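Reader: Please give me a close look at one pocket of this protein, and then follow the packing and the charged pairs through the rest of the chain. I am in my first year, so plain words will do.

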Amino acid sequence: MKVIIFGLGYVGFTAACCIARQGHEVIGVDVSARQVGEINDGIAPIVEPEVSDMLTEGLAAGRISARTEIGDALDGADIAIVCVGTPSAADGAHNMGYVADVSRQIARALVGVSRAKPLTVAYRSTFRPGTCEGLVQPIFDTVLGEDAPVSIAYNPEFLREGSAVADYFAPPKIVIGTRDGQPDAAMEALHEGIEAPVFHVGYREAEITKFVDNTWHAVKVAFANEIGRTCLQLGVSAQQVHEIFVSDTKLNISPYYTRPGGAFGGSCLPKDVRALSHIAADTGTNLPLVDSLLRSNEAHKHLLFEYAVEGLEPGARVLMAGLAFKAGTDDLRESPNVDLARKLLSAGYMLEIYDPAIRADMLVGANLGYAYSQLPELERLLVDKAQAEATAGKEAGQGGYARVIATNTTVKDLNLGEFGGAGIRDLGSLK
């Protein structure tokens with residue numbers, strides 16, 4: 001294939017070398033005449049293992065060249081890859097000037113050009129979700145019309161400095177965003193031979209991927225350092241604590257607890273987060289990340305309430321399926337579902353609760369005290385399976401539920417018949 005790369009910085013130059021190594025013809029375009037000249041002379045513009053040798057190899061084989069203007073570079077090209085910078089302002093916003101300018105240049109170079117198949121224009125520059133739809137596509141539509149001979153894709157890179165070449169050929173994943181979420185033939189050919197999980201998604205899901213990944217990496221570093229500071233103040237071996245922590249690949253280092261859905265609660269997490277914050281404060285250790293967790297959880301509880309009642313008429317009759325912290329248990333201590341029930345009642349909704357594991361007359365100890373201090377009308381709110389299913393079978397205007405709020409897997413116990421679709425809000429998994 002013939003591949004044109006716009007922007008020969010760290011990402012663009014590394015991609016050029018790797019794509020040429022795969023046997024494709026690569027033309028790099030960059031505004032820096034000095035950088036272009038060095039590349040054509042065999043001088044790598046970055047310091048990164050293997051790229052110098054790959055550049056030399058690519059030049060010798062005639063597979064790599066660089067220029068400062070597009071010219072006729074797009075003639076016969078299969079893919080144009082945009083890797084220009086999106087520098088961050090002080091408030092975190094991206095400067096999209098370079099992306100917009102390059103997009104216009106590509107579009108103008110295609111004016112009046114007859115192509116047998118559309119040119120795939122793939123963006124690897126990092127920008128906020130909605131950019132392909134709100135900025136990039138309109139530029140091409142304005143210059144070339146809505147039937148523009150281009151196929152826009154978003155293809156984030158996952159390169160780490162010091163191992164960029166290895167990461168290119170063995171990435172953790174391949175994410176390709178397109179307008180309809182379907183594969184793009186040219187992008188499939190570009191990644192041929194690279195073994196990694198492949199995700200074909202819409203633009204926005206692809207665009208947000210790098211932000212999610214890098215923020216998570218930052219969270220891990222910050223969390224590790226906050227634990228390390230606490231250990232240091234307590235005379236605890238941070239190294240041994242780390243070894244114990246990462247040995248748990250069932251819960252700690254795993255997909256568990258990373259799926260967007262319900263707030264955390266129960267008898268352990270809130271209590272132990274508060275305790276760690278107290279221990280740290282008592283030893284003079286500042287833990288901004290840990291200290292923010294409970295506030296974040298409260299904010300999420302409120303969002304789930306707003307999502308649960310979205311579009312409901314005031315005073316509507318609703319069923320909450322699942323009150324306990326976990327399905328199949330009667331533990332109500334700091335259950336976020338108890339908080340949700342209180343919010344629903346305070347907002348004036350006619351609430352009924354189905355949770356077969358909970359019997360008001362069987363609650364004991366701290367569980368009993370918490371349940372009735374937070375939800376004194378609990379006994380009146382609980383309904384059995386027959387009542388819940390019978391009410392769900394009625395029209396909302398004839399005494400039926402306007403909505404079923406599924407807080408956990410308890411809802412699977414119910415046969416709701418025709419009731420479903422928009423009538424059920426699943427808070428356990430945000431789609």
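Author: A pocket, as the word is used here, is an open set of grid points with protein on both sides within 12 Å along at least five of seven lines. The model is a predicted one.

The second largest pocket has a volume of about 490 Å³. Which elements give two or more residues to its lining? They are α1 (10–21) and α4 (97–109). The largest share comes from α4, with 4 residues. The lining has 25 residues in total, and those nearest the centre of the pocket are Gly7, Asp30, Cys83, Val84 and Gly85. Sorted by class, the lining holds 11 nonpolar, 9 polar and 5 charged residues.

Helix α1 turns up again in the packing. The largest nonpolar core has 36 residues, and the members that touch the most others are Ile5, Phe13, Ile19 and Ile81. The largest share of this core, 8 residues, is supplied by α1. Phenylalanine 13 shows how such packing looks from one side chain. Beyond the residues up to four places away in sequence, Phe13 touches Gly7, Leu8, Ile39, Ala44, Pro45, Ile46, Val51 and Leu55. Gly7 therefore links two parts of this account, as one of the residues nearest the centre of the pocket and as a contact of Phe13. A second core, separate from the one above, has 32 residues, among them Met96, Ala107, Leu110 and Tyr154. In soluble globular proteins, nonpolar side chains tend to be buried together.

Next come the charged pairs. Side chains of opposite charge can pair when their charged atoms come close. How many salt bridges does a search of the whole structure find? It finds 20. One of them joins glutamate 133 to arginine 204, with the closest N and O atoms 2.5 Å apart. This pair links distant parts of the chain, since glutamate 133 is in helix α5 (residues 131–144) and arginine 204 is in helix α8, 71 residues apart. Glutamate 133 is partly exposed, because its relative accessible area is 41%. Arginine 204 is also partly exposed, at 45%.

Helix α8 covers residues 203–234 and also holds aspartate 213. Is aspartate 213 buried or exposed? Its relative accessibility is 16%, so aspartate 213 counts as buried. Its contacts, leaving out residues up to four places away in sequence, are Phe158 and Lys173.

In another pair, aspartate 167 forms a salt bridge with arginine 160, and their closest N and O atoms are 2.8 Å apart. The two partners sit in unlike surroundings: aspartate 167 is buried, because its relative accessible area is 6%, whereas arginine 160 is exposed, at 55%.

A third pair, aspartate 331 and arginine 333, has its closest N and O atoms 3.0 Å apart. Aspartate 331 is buried, because its relative accessible area is 15%. Arginine 333 is partly exposed, with 31%. Both of these residues are in contact with asparagine 367, as are Asp330 and Leu332, once neighbours within four places in sequence are set aside. Asparagine 367 is 36 residues from aspartate 331 in sequence, yet their C-alpha atoms are 6.4 Å apart. Asparagine 367 belongs to helix α13 (residues 365–374), and its relative accessibility of 10% is why it counts as buried.

Helix α13 also helps to cover helix α12. In α12 (residues 336–346), the buried residues are Pro336, Asn337, Val338, Asp339, Leu340, Ala341 and Leu344. Their cover includes α11 (288–309), β9 (317–321), β10 (350–354), α13 and β11 (403–406). Asp339 has a further role in this picture, as it is linked with Glu298, Lys301 and Arg342 in a network of salt bridges.

What follows the helix? Just after α12, glycine 348 takes a positive phi of about 90°. Tyrosine 349 lies in the loop between α12 and β10. Tyrosine 349 counts as buried, because its relative accessibility is 12%. Apart from its neighbours within four places in sequence, tyrosine 349 is in contact with Val309, Leu312, Glu313, Gly315, Ala316, Val318 and Leu344. Of these contacts, Leu344 is itself listed among the buried residues of α12. For a sense of distance, the C-alpha atoms of tyrosine 349 and alanine 73 are separated by 64 Å, and the two residues are 276 residues apart along the chain.

Technical notes: Residues numbered from 1 in each chain as written. Predicted model: local features only at pLDDT ≥ 70, side-chain atom pairs only at ≥ 80, totals over all residues. Heavy atoms only, no water. Buried < 20%, exposed > 50% of the residue type's maximum accessible area, 1.4 Å probe, protein only. Contact = heavy atoms within 4.5 Å. 1 Å grid on protein atoms, 1.4 Å probe; cavity = no way out; pocket = protein on both sides within 12 Å on 5 of 7 lines; lining within 4 Å. Points joined across faces, edges and corners; volume = space filled by probe spheres on them. Nonpolar A, V, L, I, M, F, W, Y, C, P; charged D, E, K, R; others polar. Core = buried A, V, L, I, M, F, W, Y, C linked by side-chain atoms within 4.5 Å. Salt bridge = Lys/Arg side-chain N within 4 Å of Asp/Glu carboxyl O.
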